Amino acid sequence: MGEPEKDWEQKNPVFVLETSKLGIWTFLATELLLFGALFTVYTIFRIKYPELFYAQHLRLNRIMGFANTIVLICSSLSVAIGIAGIRRGKAGVLKVALVVTLILGGAFLVIKGFEYKEHFERGEFPGTNIFFSLYYVMTAIHALHVVAGMSALAYCLIRTARGDFSTEYAVPVEISGIYWHFVDLIWIYLFPMLYLMG
Amino acid sequence: MKNYLNETRGLSSWIFTLDHKRIGIMYLCIILFFFLVGGVFGLLVRLELLRPNNWLMSSQTYNEMFTLHGVIMIFLFVIPIIPSALGNFFVPLLIGARDVAFPRLNLFSVWLFGAGVLVVIASFSHPIDTGWTFYTPYSARTAAAVTILVGGIFLMGMSTILTALNFIVTIHRLRAPGMTWFRLPLFIWGIYATSIINIIATPVVGMTFILLVAERIFGIGFFDPAKGGDPLLFQHFFWFYSHPAVYVMILPAMGIISEIIPVFSRKPIFGYKAIAYSSLAIAFSGFLVWGHHMFVAGMSNAADIFFSFFTFSVAVPTGIKVFNWIATMYKGSIHLDTPMIYALTFIFSFIIGGLTGPFLGALATDVPLHDTYFVVAHFHYTMMGGTVMGLFAGLHYWYPKMTGKMLNEKTAKVAWALVFVGFFVTFFNMFILGMRGMPRRWATYPPRFQTEHIISTVGSWILAAGIVIMFYNFIRCLKKGEKAPPNPWGGRTLEWQVPSPPPTENFSEIPVITDWPYSYPKREE
């Protein structure tokens, strides 16, 4: 299509990686503010209704919440192992690690789905009270981010299978990895805030 | 000669382009179209106010008209126009880069914006009647298409965020060799400060809209007192974005003025660093003042005093800029071409808009002036008199570069005269109306206010005539305009060192920068 040469893309791979990293960190700043608004809502209503929050949070399933925390931490580990692998040129390690990460991400969503089902059966919906509204909004928006992260990692997996990545170039994996850690980290905050406040 | 306009042809070569210049032009066309649409709603609002009764439309229709005027002008015009349209075109050119850092992301942003526009249009089936601020609890209950509309605005917000991200990374990473931070043109500083605000503030209003939609669909109750929620929380969230958003609107316009004043005064800009830092200072203190929209909404006195104090502090960096522009012109060789005339109009009307700000930021005077036409006048003096005049200055300044054609100077000046007179006739007496107690957003009013309302409405016709002539000039000169030389105004920034219109790759060789862009020769004393 007669596009201009993007000559910085042909510059050294370190430049490309650093530029892309600045991009993803700026994006994470914006994501942090998105969740920041929710954390603010949480803080305000928890201060306003401490008894309600305490009584209602006992209705959450801590075992499934804890299981999900473990699942996500393991998925962060597997992404990290994959990136360490491709930095040493081992595309096979990256491929296996991405598959494991995607399975763990899927497991997180399935467990979350069972939790929702349990609450629905007990008649606890968004709008039941402020605590459950917050619980649903926070976890649903987080789950959307899990899906977004999984899509990015699935794209990386396809490209890994095509043999696009090497020691020199694995920018999409590095970027998606950083994003996945962020999604994990948000859950690390959500879990104690919602499940363990007693 | 090959340039970015004729290198490739056909619709798909535009829709799938990765060229920042074409993407900028696409934004420009979409957004200027909605400026005209928003303007028509504004004219209808003014027309209804010609008489004190509902002579033209019902009060409900009037609510829809002023809401559509506000929503379109704010979200589809003033916020995106300078960063997304002119910024996309000129940021890479001004810093000596071939494109933005992430061209594909840039294309994705313009698609997101287009999708957002379509969704917003879809919401016109049940026109929204909440005012552009969407205050709860009414916005959670009304039958109007609030959910669809804020969905569309959410998409446009994502587009804004991704564009801001692109600019920040571009400015950090792709400056030409030798282009240090203090050799950057001041327009770049304005865009940079704007982008930071967009990165930090836009996601908050995005979440606010998600919560508003969840309130409408699931009844989550965060903003509903009946369910233990708090409507003030919505206002805090909304203004945490929407106040910084006014600096998103004004900072890039100030950047344009900082480019134009030295070029048409043939003098180096006065106080470069002060102007650059004051952009960052405005961006920073803009985050500490949102509560001044809520002085009568029932905040605590301590919060009122805090927000009032920081509101005054915004006036300091703003004043620094104005003094620097005026000092730049002092003993300059001033050329009154149309861009410069609009720049002077900016300074003149922005001083009025700016100085009426502290009246509203002061607690004692805000109570009687709140929700009167004084606020309407102040807002239009900063936004129309400020941002839009700055935009017109920029459009006339850069038109030769973007199109390769010169504008007809005589027509442009006639248009300016009508815009200037129309603007002042429309909005100046709104200050007086407000002082006399005319509330804003009313479709009917006591007959004693009618004289001022008639003056305003007539002014809106003069203003509209000026804008029609200006757009006629823009469109006619695309074909009929004289061929533009590379540097018609004698500018020193990099965009003037390449042909008009620029070639697709911008620079045949990336320039090496050895000096700042305002090095006009010293005058012999």
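Buried means under 20% relative accessible area. The model shown in every view is predicted.

**View 1. A salt bridge joins Glu452(B) and Arg436(B).** The N to O distance is 2.5 Å. Glu452(B) has 12% relative accessibility, so Glu452(B) counts as buried. Arg436(B), at 37% relative accessibility, counts as partly exposed. Glu452(B) belongs to helix 15 (residues 450–480) of chain B, and Arg436(B) to the loop between helix 14 (409–435) and helix 15, so the pair ties together parts that are 16 residues apart in sequence. Over all chains, the structure holds 13 salt bridges.

**View 2. Salt bridges in helix 4 of chain A: Glu115(A) with Lys112(A), and Glu121(A) with Lys117(A).** Helix 4 of chain A spans residues 91–121. Glu115(A) and Lys112(A) meet at 3.2 Å, N to O. They sit 3 residues apart, about one turn of the helix. Both are buried. For Glu121(A) and Lys117(A), the N to O distance is 3.4 Å. Glu121(A) and Lys117(A) are 4 residues apart, so about one helical turn separates them. Glu121(A) is exposed, with a relative accessible area of 60%. Lys117(A) is partly exposed at 47% relative accessibility. An α-helix has 3.6 residues a turn, so residues three or four places apart point the same way. A network of salt bridges in chain A links Arg59(A), Glu118(A), Arg122(A) and Glu124(A).

**View 3. Helix 2 of chain A buries Phe53(A), Gln56(A) and His57(A).** The helix runs over residues 50–57. The three residues cover an arc of only 95° around the axis, which puts them on the same side of helix 2. The buried residues of helix 2 pack against four helices of chain A: helix 1 (13–48), helix 3 (62–87), helix 5 (130–161) and helix 6 (171–195).

**View 4. Val16(A) and Tyr169(A) lie 9.1 Å apart, C-alpha to C-alpha.** In sequence, 153 residues separate Val16(A) and Tyr169(A). Val16(A) lies in helix 1 of chain A. Val16(A) has 11% relative accessibility and counts as buried. Chain A as a whole has 6 helices and 0 strands. Of its 198 residues, 52% count as buried. Among contacts in chain A with a separation of 6 or more, 80% join residues 24 or more positions apart. The C-alpha atoms of chain A fill a box of roughly 60 × 30 × 30 Å along the principal axes.

**View 5. Thr403(B) makes polar contacts with Tyr399(B) and Lys405(B).** Thr403(B) is in helix 13 (residues 373–403) of chain B. A polar atom of the Thr403(B) side chain lies 2.8 Å from the backbone oxygen of Tyr399(B). The side chain of Thr403(B) also reaches the backbone nitrogen of Lys405(B), at 3.1 Å. Leaving out residues up to four places away in sequence, Thr403(B) touches Leu5(B), Leu478(B) and Pro501(B).

**View 6. Chain B and chain A bury about 3200 Å² between them.** Carbon and sulfur atoms give 75% of that area. Arg173(B), Met207(B) and Phe222(B) supply 20% of the area that chain B buries against chain A, more than any other three residues. The contact takes 43 residues from chain B and 36 residues from chain A. Between the chains there are 0 salt bridges. There are 5 residue pairs in polar contact across the interface, both residues at pLDDT 80 or more. Helix 4 (103–122), helix 6 (146–173), helix 7 (186–218) and helix 8 (231–265) of chain B each supply at least two residues of the side that touches chain A. Helix 7 of chain B gives the most, with 9 residues. By class, that side of chain B has 25 nonpolar, 9 polar and 9 charged residues.

Note on methods
Residues are numbered from 1 along each chain as its sequence is written. Chains are lettered from A and ligands numbered from 1 in the order in which they are written. This is a predicted model: local features need pLDDT of at least 70, side-chain atom pairs count only at pLDDT 80 or more; totals for chains, interfaces and linings use all residues. Side-chain values use heavy atoms; hydrogens and water are left out. Buried means under 20% relative accessible area, exposed over 50%, partly exposed in between (1.4 Å probe, protein chains only). The arc is that of the directions from the helix axis to the C-beta atoms. Contact means heavy atoms within 4.5 Å. Buried area is the accessible area (1.4 Å probe) that two parts lose on being put together, summed over both. A salt bridge is a side-chain nitrogen of Lys or Arg within 4 Å of a carboxyl oxygen of Asp or Glu. A polar contact is a pair of N or O atoms within 3.5 Å; within protein, one must be able to donate a hydrogen and the other to accept it, and residues adjacent in sequence count only if both atoms are side-chain atoms. Ala, Val, Leu, Ile, Met, Phe, Trp, Tyr, Cys and Pro count as nonpolar, Asp, Glu, Lys and Arg as charged, and the others, Gly among them, as polar.
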